[in-house]
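Reader: Hello! I am new to this structure and would love a guided close look at one part of it. Could you take me through it slowly?

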Amino acid sequence: MGSIHMTTTAKAWHLALAIVSGSACAGALAQEFSYSGFGTVGAAVSNKDYKYQRFITDNGTVKRDSVLGVQFDAKFSSQWSATLQAKVAPAADNDSKWETSAAWAFVSWRPSNEWLIRAGKVRLPLYLFSENLDVGQSYEFVRMPTEMYSISPTTDIAGLYVTRNWALDSGDLSLDVYSGRAPTVVQRSYSRDTGTAFISVTTRVTGGVLTLRAEDSTWRLGLHHAKSDFNDDQIQAPATIQNIPLGGGYNVYLPTAFVREFRNDIVTFGFDISLPSDWRLIGEFERNFQRDIALGANTAGGYLSVLRKMDRITPYVTIASLKTVGSAARTRQKIADVVAPPLAEAGQRQLLDTTPFYDQYSLSLGASYALTPQSKLKGEWMHTWIGKGSAMVDSPAGAGPVTNDTIDVLSLSYNFVF
């Protein structure tokens, strides 16, 4: 599995240590103390020799889906509790290592049945399956569709999370409002000439999510605002790009202004509907508006899944899409089409490769099998079409970018909780 190293934010660990210290005095402080664990052992292999979704190649990998975690919960009174969740997974800043991190580390205060306030390191409510994303046993898919579940600059923040609930005749309505900061968010970038690079940014995310839970359905609408800045003073992003004619039919595109800070506004919408005869329909969609930079992840995407529960077996079909749209897509295509002189080809190639551009669709056929109430076996075939390119693909060195290609991925995983 490679080496394992420890990483997390200092604030999250301080809070985690405080929770552990409190739980160590459970006899004196906590009325209840419990723990649980979860894990996924997953393998995936494709029909291509280049990397897809960071790890998947024709050699196979266990890094794409495998994770192991443990969670501790301490209840100090009817109003106060604390949660710590740690996990082991592939490192965010190194493709060959694994890391242990504090996924959750927060204190909860419930002053009444209608209000819940959490402070510490919490999971952002971006998706329908945000809170249980690492717990593969809790859903039927081999993995949640990457076209949707890769849009956020971060999945966790250290901050404040407030929930207000209303009991309705038709179900429950909740409003989640949050704000927090992730001091170290690692963004992976790949170039055919220089290989993989990991860029560290600080991201502050603020947002609100409205969720309606009825007897046979869940509906969610979210608005999120993220502001990021590079932790390395030497790194900047192009704010504007300009075409420079060089004569002889040659052109190059060069950045003409740079910024260290940039913003994203994200709108998310999702639903999970139970239908007659044990059918189920799940869909999530997003629009990520990129601000301040010319070549950012200005995307529109989502997925739609149909499932059917048949005793222990639940087969599913998923279609998903992720596309860069607007001026970011138009500028990136101009760079791809440019005819640069030989001395400028490497620079244009670097600019093209490191752009977070997406033009892909996927079809997945899979199924889960409940071995026990605490464990599932899952299998999936996924067929992906790459159009004008995708940042999820590491194009081979010495060749052109992967475009107008298809990728087949076979995945198998064992998922458990205890």
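Which residue's side chain is joined to that of Lys 48 by a polar contact?

Author: Happy to help, and please keep in mind that this is a predicted model. The partner you are asking about is Asp 405: a polar contact of 3.3 Å joins its side chain to that of Lys 48.

Let us look at the setting of that pair. Lys 48 sits in the loop between strand 2 (32-46) and strand 3 (67-75). Its relative accessibility is 18%, and buried means under 20%, so Lys 48 counts as buried. Leaving out residues up to four places away in sequence, Lys 48 touches Thr 57, Asp 58, Asp 405, Thr 406 and Ile 407. Asp 405, the polar partner, is thus listed among these contacts too.

From the loop we can step into strand 3, where Gln 71 lies. Gln 71 has a relative accessibility of 14%, so this residue also counts as buried. A polar contact of 3.1 Å links the side chain of Gln 71 to that of Asp 73. Apart from neighbours within four places in sequence, Gln 71 is in contact with Ser 34, Tyr 35, Ser 36, Thr 83, Leu 84, Gln 85 and Trp 104. Take Ser 34 from that list: along the chain 37 residues separate Ser 34 from Gln 71, yet their C-alpha atoms are 8.4 Å apart.

If you would like to look further, follow the strands next. Strand 9 (residues 195-214) and strand 10 (residues 217-230) form a hairpin, with 2 residues between them. These two strands pair in the antiparallel sense over 13 bridges, and one bridge partnership is that of Gly 208 with Leu 223 in strand 10. Strand 10 is also joined by 13 bridges to strand 13 (residues 261-275), and that pair runs antiparallel as well. Here His 224 has Ile 266, in strand 13, as its bridge partner. As a general point, the side chains of a regular strand alternate between the two faces of the sheet.

Strands 9 and 10 bring us to an open space. The second largest pocket holds about 390 Å³ of space. It is lined by 22 residues, and Leu 128, Glu 131, Thr 211, Arg 213 and Arg 220 are the closest to its centre. Two or more lining residues come from each of strand 6 (115-123), strand 7 (156-168), strand 8 (171-191), strand 9 and strand 10. Strand 7 gives the largest share, 3 residues. By type, the lining of this pocket divides into 6 nonpolar, 8 polar and 8 charged residues.

There are enclosed spaces to explore as well. A search of the whole structure turns up 3 cavities of 30 Å³ or more, and the largest cavity has a volume of about 80 Å³. Its lining is made of 14 residues, with Arg 143, Pro 145, Ser 364, Glu 380 and Met 382 nearest the centre. At least two lining residues each come from helix 2 (146-149), strand 16 (313-324), strand 17 (358-372) and strand 18 (375-390). Strand 16 supplies the largest share, 3 residues. The lining of the largest cavity consists of 6 nonpolar, 5 polar and 3 charged residues.

To return to your starting point, keep Lys 48 in view: a buried residue, in the loop between strand 2 and strand 3, with its side chain in polar contact with that of Asp 405.

Technical notes: Residues are numbered from 1 along each chain as its sequence is written. This is a predicted model: local features need pLDDT of at least 70, side-chain atom pairs count only at pLDDT 80 or more; totals for chains, interfaces and linings use all residues. Side-chain values use heavy atoms; hydrogens and water are left out. On a 1 Å grid over the protein atoms alone, a cavity is a set of points where a 1.4 Å probe fits but cannot get out, and a pocket is an open set with protein on both sides within 12 Å along at least five of seven lines; lining residues have an atom within 4 Å of a point. Grid points are joined across faces, edges and corners, and a volume is the space filled by probe spheres set on the points. Helices (H or I, at least four residues) and strands (E, at least two) are DSSP runs, numbered from the N terminus. Ala, Val, Leu, Ile, Met, Phe, Trp, Tyr, Cys and Pro count as nonpolar, Asp, Glu, Lys and Arg as charged, and the others, Gly among them, as polar. Two strands pair if DSSP finds at least two bridges between them. Buried means under 20% relative accessible area, exposed over 50%, partly exposed in between (1.4 Å probe, protein chains only). A polar contact is a pair of N or O atoms within 3.5 Å; within protein, one must be able to donate a hydrogen and the other to accept it, and residues adjacent in sequence count only if both atoms are side-chain atoms. Contact means heavy atoms within 4.5 Å.
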